Amino acid sequence: DWSMESFIATEVERIRSVVGDRKVLCGLSGGVDSSVAAVLIHKAIGDQLVCVFVNNGMLRKNEAQNVVDLFGKHFNMRLEYVDAETAFLDALKGIAEPEAKRKIIGKMFVDVFYDAARSLGDISFLAQGTLYPDVIESRSPSGGPSATIKSHHNVGGLPDDLKWELLEPLKELFKDEVRQLGMELGLAEELVNRHPFPGPGLGVRCIGEVTKERLDTLREVDAIFVEEIRRAGLYGDIWQALACLLPVKSVGVQGDERTYREVCSLRAVTSQDAMTADWYRFPPEVLQTTASRICNEVAGVNRVLYDITSKPPGTIEWE
Ligand code: XMP
């Protein structure tokens, strides 16, 4: 007689007895899995849970503030907010090659996260939002493609001086059960049904070199795109929607003025598991509204493209 309520009650008891009076660290990303894991553990042990949220400078518009408001204020969790924007941007200066960017972002994240953890002292457990499919995947001999994809997003092998045990309260659940659990624990529908978002964030959507200015531009483009998708009631039909800023300028005309500005691309796909994906057929008026808002509202962008490449041959992300 499995129900979400009895799962929560059992799991809360289990977490309490495993943890005792010790402390648990959780890296919050703002994504579904770490959010649900954090709220569940917090329900069990309150202030014995410390969450760390790293702002890598590559987050979506208002993301950092939203996380601080939701987990720090609304749920009243102990939340360590680490603003590492400048450090990440400095490390990425002059780097345009996708794998090089990913490696730098991944390594920076690990460094920043462990530094924050060391400063907290006496932590015994590391909480992770590992799901059942992740467990299966990491057991398979090849690991599978998304095991590699996720390698620098999820905290990898622990350094020797940090001897934490893992706490993985979601590891018997599938994604839809995690979403249901999240709702049961008081997380908003909008949060638990969020599209996937890569660890390196907008860093791999600023095609070419990543700068603060380009990221700010992309944040605006992305926010308009998602807003229009939600307004049209299509968010739930789409696996993932993303905008990229291309390293290209094009000529346009706005008012009586000739402009020479940046180009962005929009992409939305349907998928079951991200291994294959089909491009999403928007009603044309949604693309129309989105494109005209972007050109009118985002300084520096005068052209919008829609990506109709499926996976394969294209990956979902551009980098
Ligand atoms: P691709 O672009 O390979 O992406 O078709 C497949 C799915 O994985 C996501 N993705 C990532 N997720 N860390 C993550 O946690 C990453 O570094 C990463 N790179 C890609 C991508 O957004 C898509 O959902």
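The exercises below work through a predicted model, each with a solution in steps.

**Exercise 1. Confidence**

State how confident the predictor is in this chain, and find the stretch where its pLDDT falls below 50.

*Solution.* Begin with the chain as a whole, whose pLDDT averages 94, with 94% of the residues scoring at least 70. Then turn to the weak stretch, which covers residues 143-153 and has a pLDDT below 50, although the model gives this stretch 14 contacts beyond near neighbours in sequence. Finally, add the global scores, which are an ipTM of 0.98 and a pTM of 0.93.

**Exercise 2. The two domains and the core**

Determine where the largest nonpolar core lies with respect to the domains, and describe how the domains meet.

*Solution.* The first step is the division of the chain, which gives domain 1 (4-192) and domain 2 (205-306). The centres of these domains, taken over C-alpha atoms, are separated by 28 Å, and their contact takes eleven residues from domain 1 and ten residues from domain 2. On the side of domain 1 that touches domain 2, the residues comprise five nonpolar, three polar and three charged.

The second step is the core itself: the largest nonpolar core has 71 residues, and V24, C26, A38, I41, C51 and V221 are those with the most contacts inside it. Helix α2 (residues 32-45) gives the most to this core, contributing nine residues. Because domain 1 and domain 2 both give residues to this core, it lies between them.

The third step looks at one of the core residues with the most contacts, C26. Leaving out residues up to four places away in sequence, C26 touches S34, A37, A38, I41, L49, C51 and A127.

**Exercise 3. Helix α8 and L181**

Establish which residues of α8 are buried, how they are arranged around the axis, and whether L181 is buried or exposed.

*Solution.* Start with the helix, in which the buried residues are V178, R179, L181 and G182. These residues lie on the same side of α8, because they cover an arc of only 160 degrees around the axis. What covers the buried residues of α8 includes α1 (4-19), α2 and α9 (189-192).

Next, take L181, which has its place in helix α8 (residues 175-184). Burial requires 20 or more other C-beta atoms within 10 Å, and L181 has 22 of them, so L181 is buried. Apart from neighbours within four places in sequence, L181 is in contact with M4, V36 and L173. The C-alpha atoms of L181 and L170, which are eleven residues apart along the chain, are separated by 9.6 Å.

Close with the residue just after α8, where G186 takes a positive phi of about 95 degrees.

**Exercise 4. Three loop residues**

Classify N76, A274 and G94 by exposure, and give the phi of N76 and of A274.

*Solution.* The cut-offs needed here are that a residue is exposed with 12 or fewer other C-beta atoms within 10 Å, buried with 20 or more, and partly exposed in between.

N76 lies in the loop between α3 (63-74) and β3 (78-83), and N76 is exposed because it has 11 other C-beta atoms within 10 Å. Although N76 is not a glycine, its phi is positive, at about 60 degrees.

A274 is found in the loop between β7 (257-270) and β8 (278-279), and with 17 other C-beta atoms within 10 Å it is partly exposed. Its phi is near 75 degrees, which is again a positive value in a residue other than glycine.

G94 belongs to the loop between α4 (85-92) and α5 (98-120), and since G94 has 6 C-beta neighbours inside 10 Å, it counts as exposed. From C-alpha to C-alpha, G94 and T217 are 18 Å apart in space, while in sequence they are 123 residues apart.

**Exercise 5. Cis peptide bonds after β9**

Give the geometry of the peptide bond from K311 to P312 and of the bond from P312 to P313, and place the two prolines in the chain.

*Solution.* Taking the bonds in sequence order, the peptide bond from K311 to P312 is cis, with omega near -15 degrees. The peptide bond from P312 to P313 is also cis, and here omega is near 10 degrees. As for their location, P312 has its place in the segment after β9 (301-306), and P313 is found in the segment after β9 as well.

Key
Residues numbered from 1 in each chain as written. Predicted model: local features only at pLDDT ≥ 70, side-chain atom pairs only at ≥ 80, totals over all residues. pLDDT = per-residue confidence, 0-100. Contact = placed C-beta atoms within 7 Å. Core = buried A, V, L, I, M, F, W, Y, C linked by C-beta atoms within 7 Å. Helix = DSSP H or I, 4+ residues; strand = E, 2+ residues; numbered from the N terminus. Domains from an automatic or database assignment. Nonpolar A, V, L, I, M, F, W, Y, C, P; charged D, E, K, R; others polar. Arc of directions from axis to C-beta.
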